[in-house]
Amino acid sequence: MQSQCVTDGMPPDFLDDDAVAAWTASGAPLVDLLRQAHTPGRLTGFRRGGRAAVLVTEPRHVHQVLGVGGDRYVKRSHRARPLIGDGMLTATGEAWRSQRRLLQAMFTGRGIQRWEHHITGAAARVVDRWAERARGGEPTDIAEDVQFFTVDTIWRSLTGRPLDRETYVDLAAVQDIVAALPADVGGANALPPEVDAALGALDARMFRALADARARHRPDGGGVSVLDRLLDAAETDPAYTDRLIRDELVTLLVAGYESSARTLTWAFILLDGHPEVMERAAGDARTVEAVLGETLRLYPTGWLLPRYSPAGETLDGWAIPAGTDLLVCPYLTHRDPEVWPEPEAFDPGRFPARSPLPPGAYLPFGIGPRACLGTRFAMREMEELLGALLARFTVEVTEPAGEPVFGLNLRPAGPLHARVRERT
């Protein structure tokens, strides 16, 4: 039987040109267009700027694109390339495989244990800061606190050294650069002029850290930081120039702090509306894990995962022409009522799942060969900080959280001011 074409055959839930034109004219975020296009269980085809695109949300389709089709549906370009250069997230082919092999052992399996003291050390700094705020009756900005923690954790892992305030200012500017990047591959690749200075300061900080690490580097391979491992690789692999090492460091910085900081902020926003869950989580590691699992379901930082079909493919009986963009949207997949009853409700009781979830139904860190290799690192640091803070403090958000911002990542707008009090 001849395959139907998603974009040429126009299935019943096809999003017509008028709807796309109206969205474009409105200046609304991409998620609004995808909500219009979304029909649970179906593929949706449409065109944007003359390019064919397919929205992918059904778990079995997600599994086909990211899982078993991970080598066929690829990244046409990476929205963050102006920031992360040729790091592992943008690399393809053998370069990607080589870079991933080098770093994978450091963030999976027993390799995660080497970072445990960095995680606990960074968490202790935030606990001490909250204790000072509690004693003085001063409010705190949770979004800022958790961001400092995640930057501190990844910086210690990258360099072996704790974070100082001056370095933090340069590294935290990454959030401004990320906010300027397009949500979709169809957006502009050039950074606006106002973030050039932030990128320059970040580059200077990274090259300074590289020079410091090289001065301390032991030729016997005895160093334990990520930078040490990259310098070891540079001794035998000419691909690891200073520029590529910089790109890998920035890639790990962005991946290592953005997602975790945003998830922790969302968790406190959700817990503020469910004080009974906050109380259960105090001193209960299983509830903390469940809260994070449900937070990642509702607010996956990687809310949109664009892919590209360089050759003609067939997906669920529909022909996918060569050159088609596929927009995998975990934000909508995680709201599929067939998998998640009352999908808009915050219910940590969903985790751990009582029965196996369909492949492709839950992907806060992606799935398939391009899944995030830092998943265990991210979960461990989030569990450590959230557990430590909830066990010692009660938290009251004093100003409403900002609306979700659907940019390169999914984040709450603005700060999250709160009062914290020591538990008695």
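## Two open sheets and two nonpolar cores

An open sheet of four strands, with mixed pairing, follows the order S2-S3-S8-S5. Strand S2 (44–48) and S5 occupy its edges, and because each has a single partner strand, one side of each is left without a neighbour in the sheet. From one strand to the next the twist averages 30°. The model described here is a predicted one.

Within this sheet, S2 and strand S3 (residues 51–56) run antiparallel and are joined by five bridges, with Ala53 in S3 as the bridge partner of Phe46. Helix H3 (residues 30–37) packs on the sheet, where it touches S2, S3 and strand S8 (324–328), and its direction makes about 140° with that of S2.

Strand S5 covers residues 305–309 and includes Ser309. Is Ser309 buried or exposed? With a relative accessible area of 0%, against a cut-off for burial of under 20%, Ser309 counts as buried. A polar atom of the Ser309 side chain lies 2.5 Å from the backbone oxygen of Ala311. Leaving aside residues up to four places away in sequence, Ser309 touches Arg72 and Tyr73, and also Ile320, Pro321, Ala322, Gly323, Thr324 and Leu326.

A second open sheet, of three strands, has the order S4-S12-S9 and antiparallel pairing. Strand S4 (140–141) and S9 are the edge strands, each of them pairing on one side only. Strand S9 (residues 393–397) presents a covered face formed by Phe393, Val395 and Val397, and an uncovered one formed by Thr394 and Glu396. In a regular strand the side chains alternate between the two faces of the sheet. Helix H7 (residues 116–136) packs on this three-stranded sheet, touching S4, S9 and S12, and its direction makes about 85° with that of S12.

The antiparallel pairs of strands can be set side by side:

| Strand pair | Bridges | Residues paired across |
|---|---|---|
| S2 and S3 | five bridges | Phe46 and Ala53 |
| S9 and S12 | five bridges | Val397 and Ala418 |
| S4 and S12 | two bridges | Asp141 and His417 |

The nonpolar interior can be taken next. Of the 113 residues in the largest nonpolar core, those that touch the most other members are Leu34, Phe46, Leu83, Leu202, Phe268, Trp303 and Leu386. Helix H13 (residues 242–272) gives the most to this core, contributing 15 residues. Leu386, one of the residues named above, touches Leu264, Ala267, Phe268, Leu271, Val288, Val291 and Leu292 when residues up to four places away in sequence are not counted. Another core, of 15 residues, lies apart from the largest one and has Val54, Val62, Trp318 and Ile320 among its members. In soluble globular proteins, nonpolar side chains tend to be buried together.

As to the chain as a whole, its secondary structure comes to 17 helices and twelve strands. Of its 424 residues, 53% count as buried. Among contacts between residues at least 6 apart in sequence, 72% join residues at least 24 apart. The C-alpha trace spans about 65 × 55 × 45 Å along its principal axes. How does the radius of gyration of the chain stand against what a compact globule with 424 residues would have, and what is its value? A compact globule with that number of residues would have a radius of gyration near 22 Å, and the chain, at 22 Å, agrees with this.

Key. Residues are numbered from 1 along each chain as its sequence is written. This is a predicted model: local features need pLDDT of at least 70, side-chain atom pairs count only at pLDDT 80 or more; totals for chains, interfaces and linings use all residues. Side-chain values use heavy atoms; hydrogens and water are left out. Buried means under 20% relative accessible area, exposed over 50%, partly exposed in between (1.4 Å probe, protein chains only). A polar contact is a pair of N or O atoms within 3.5 Å; within protein, one must be able to donate a hydrogen and the other to accept it, and residues adjacent in sequence count only if both atoms are side-chain atoms. Contact means heavy atoms within 4.5 Å. Two strands pair if DSSP finds at least two bridges between them. A nonpolar core is a set of buried Ala, Val, Leu, Ile, Met, Phe, Trp, Tyr and Cys residues joined through side-chain atoms within 4.5 Å. Axes are lines fitted to C-alpha atoms, for helices over the stretch in contact, and angles run from 0 to 180 degrees between N-to-C directions. The radius of gyration is taken over C-alpha atoms; the globule rule is 2.2 Å times the number of residues to the power 0.38.
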